[in-house]
Amino acid sequence: MDIHEYQAKEVLAGFGVAVPDGALAYSPEQAAYRARELGGEKWIVKAQVHAGGRGKAGGVKLCSSDSEIHAAAEGMFGQKLVTHQTGPEGKGIYRVYVETAVNIAREIYIGFVLDRTSQRVMIVASGEGGMEIEEISATKPESIVRTSVEPAVGLRDFQCRQIAFKLGMEPGLVQHMVRTLQGCYRAFTELDATMVEINPLVVTGDNRILALDAKMTFDDNAMFRHPQISELRDKSQEDPRESRAADRGLNYVGLDGNIGCIVNGAGLAMATMDTIKMAGGEPANFLDIGGGATPERVAKAFRLVLSDKNVQAILVNIFAGINRCDWVAEGVVHALREVQVDIPVVVRLAGTNVEAGQKILAQSGLPIIRASTLSEAAERAVGAWKNDLAQATRVRAVV
Ligand code: GDP
Ligand code: MN
C-alpha cells in the first residue's frame with residue numbers, strides 16, 4: 001500500500017525526521033489560505049498523487065503570492081497528472097500540499113528497500129539527489145552508496161556516519177544525518193514498510209537537513225496490525241479493479257492483456273498466466289480466489305474479471321485438493337447463470353471429483369469450453385479469443 005507525500009512526511013516526522021512546514025488543501029481557495037497561515041514569502045504547491053516524477057510533469061510549483069498559489073492549485077485540481085510512474089492514464093489530483101519553500105544548497109537521495117537477495121534492509125544513498133534513482137544509477141552509478149543492515153543488531157550509528165562521510169557531508173551535519181537515517185529505519189521496521197524514499201533530502205542554505213519529498217510503501221499483509229497506517233489508504237489513487245478485489249477479499253492484480261484468469265492458488269495462477277503467454281495470448285489479470293471456491297466466490301470472481309473491459313475470454317483453472325471439482329463446477333454454472341457472460345469461457349478442472357465436475361458442466365447447457373490439461377485450456381482460451389475477434393463485434397455483458 002502506498003501513501004501520499006504529506007502523509008509520509010507526517011509519519012517520518014513522528015520518528016524525528018525534519019520536514020518543511022506544510023498544510024493540506026482540498027481546493028485552490030484553501031491552498032491560498034493555508035499559505036497565509038504558514039506565512040513566509042515563497043511556497044511550493046505540490047500535487048498529492050501516488051507517484052514520483054511530479055516535478056517534471058508540472059505537479060510541483062514554486063509560488064510567491066496568493067494569486068499564484070490559487071492559480072497553481074486551480075491548474076492541478078481535478079486533473080490527471082501523468083508522470084513516468086503513472087502510466088499514460090495518469091493519477092487524479094484531489095489534494096494539494098502547500099509548503100514553505102526552502103532554499104536548497106544540496107540535494108541528496110536516500111532510500112530504504114528490502115533487498116531480497118541478502119534478505120536485509122538495504123540503504124541506498126547518493127549525493128546526486130533530485131534525479132530519480134534509476135537515472136542516478138544509469139548516469140552516476142559511482143555516486144551510489146549501499147549499506148545493508150544486520151537485522152539482529154539493527155542500524156548502527158557508525159553506519160549512518162559512514163554514509164554521511166561517503167556523501168561528503170560536512171562534520172557539523174553528520175549527527176543530523178544519523179538522526180534522519182535512524183528515524184527512517186525505525187519507521188521502516190516498526191511500521192512494516194517495504195520502501196521509504198526521501199528524494200531529495202536537502203541541505204538548506206542555512207545548513208539544516210530537511211526531507212523535501214517522502215514516499216512510503218507498506219506491506220499489505222501487515223496492515224491489520226497498523227490501523228493508523230491502513231486508514232491512510234486513498235482508493236482514488238489505486239487501480240479500481242484492485243481496490244474492488246481487495247474489498248472483496250480476492251487476491252487480484254490487474255494486467256494489460258485480454259484473457260481473464262480465475263484460478264485457485266497463487267502458484268497455479270502464475271503458471272496459468274505463463275501458459276497463456278506460451279499459447280500466444282496475454283493474461284488480463286492475476287487472480288487467486290483461494291482454497292474454498294464457493295459458488296458465491298466464483299461469481300464474485302467472474303464479476304470482477306468482467307469489470308475489466310479489455311477481457312475478451314475467460315480461463316477458469318481449478319485444481320481441487322481440499323476443494324471438490326463438483327462443488328467448483330456448480331459455482332461456475334451458478335456464476336454464469338447469474339452474471340450473464342457473453343465471451344468465451346474455458347474451464348479446466350483437475351483433482352478430487354473431477355468426473356462429477358465435468359458432468360455438471362456438460363449438463364448445464366451453457367456454452368462452456370472444457371479442457372483437461374492446463375496447456376489445452378490455455379490454447380483453447382487463446383483460440384476462442386482469436387476466433388471471436390474474427391467474428392462480428394459482440395455486445396458486452398453489463399455487470
Ligand atoms: P517529485 O518530482 O514527484 O519527486 O517531487 P519532489 O517533491 O521531489 O519535487 C521535485 C523537485 O522540486 C525537487 O527535486 C526540488 O528540486 C524542487 N522543490 C521541491 N520543493 C522545493 C522547495 O521548497 N524549494 C526549492 N527551491 N525547490 C523545491
Ligand atoms: Mn522527489
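**Entry 1: α5 against α6**

I looked up the contact between two helices of this predicted model. Asp157, Cys160, Arg161, Ile163, Ala164 and Phe165 of α5 meet Val174, Met177, Val178, Leu181 and Gln182 of α6. By class, I noted eight nonpolar residues, one polar and two charged in this contact. Helix α5 spans residues 157-166, and its axis lies 9 Å from that of α6, at an angle of about 120°. I therefore recorded α5 and α6 as oblique to each other. Their crossing is right-handed.

**Entry 2: the nonpolar cores**

I next asked which helix gives the most to the largest nonpolar core. Helix α6, residues 171-190, does so with nine residues. The core holds 43 residues, and those touching the most other members are Leu12, Ile110, Phe112, Met169, Met177, Leu181 and Met216. I followed Leu181 further: beyond its neighbours within four places in sequence, Leu181 is in contact with Ile110, Phe112, Ile123, Leu155, Cys160 and Ile163. I also found a second, separate core of 33 residues, with Ile318, Cys325, Val328 and Leu361 among its members.

**Entry 3: α11 against α12**

I then turned to helix α11 (residues 325-339) and helix α12 (residues 354-363), which pack with axes 7 Å apart and an angle of about 20°. As angles under 35 degrees count as roughly parallel, I entered α11 as roughly parallel to α12. The crossing of α11 past α12 is right-handed. On the α11 side, the contact is made by Cys325, Asp326, Ala329, Glu330, Val332 and Val333. On the α12 side, I listed Val354, Ala356, Gly357, Ile360 and Leu361. The contact of α11 with α12 comprises eight nonpolar residues, one polar and two charged.

**Entry 4: helix α1**

How many of the nine residues of helix α1 are buried? I found seven, so this helix, residues 5-13, is largely enclosed by the rest of the structure. The buried residues of α1 are Glu5, Tyr6, Gln7, Ala8, Lys9, Val11 and Leu12.

**Entry 5: Arg241**

I located Arg241 in helix α8, residues 240-247. Is Arg241 buried or exposed? Its relative accessible area is 14%, and Arg241 is therefore buried. Setting aside residues up to four places away in sequence, I found that Arg241 touches Tyr252, Gly254, Leu255, Ala284, Leu304 and Asp308. I also looked up its separation from Ala193, which is 48 residues away along the chain: the two C-alpha atoms are 23 Å apart.

**Entry 6: backbone on either side of β10 and within it**

Most residues other than glycine have a negative phi, and most peptide bonds are trans. I therefore listed the exceptions in this region, given that general pattern.

- Asp192 has a positive phi, near 55°. This residue lies in the loop between α6 and β10. Asp192 counts as buried, at 17% relative accessibility.
- Asn199 and Pro200 are joined by a cis peptide bond, with omega about 10°. I placed Pro200 in strand β10, residues 193-204.
- Asn207 also shows a positive phi, near 60°. I found Asn207 in the loop between β10 and β11 (209-211). With a relative accessible area of 37%, Asn207 is partly exposed.

Methods
Residues are numbered from 1 along each chain as its sequence is written. Chains are lettered from A and ligands numbered from 1 in the order in which they are written. This is a predicted model: local features need pLDDT of at least 70, side-chain atom pairs count only at pLDDT 80 or more; totals for chains, interfaces and linings use all residues. Side-chain values use heavy atoms; hydrogens and water are left out. Axes are lines fitted to C-alpha atoms, for helices over the stretch in contact, and angles run from 0 to 180 degrees between N-to-C directions. Helices (H or I, at least four residues) and strands (E, at least two) are DSSP runs, numbered from the N terminus. Angles under 35 degrees count as roughly parallel, over 145 as roughly antiparallel, 65 to 115 as roughly perpendicular and the rest as oblique. A crossing is left-handed if the near helix is turned anticlockwise from the far one by less than a right angle, and right-handed if clockwise. Contact means heavy atoms within 4.5 Å. Ala, Val, Leu, Ile, Met, Phe, Trp, Tyr, Cys and Pro count as nonpolar, Asp, Glu, Lys and Arg as charged, and the others, Gly among them, as polar. A nonpolar core is a set of buried Ala, Val, Leu, Ile, Met, Phe, Trp, Tyr and Cys residues joined through side-chain atoms within 4.5 Å. Buried means under 20% relative accessible area, exposed over 50%, partly exposed in between (1.4 Å probe, protein chains only).
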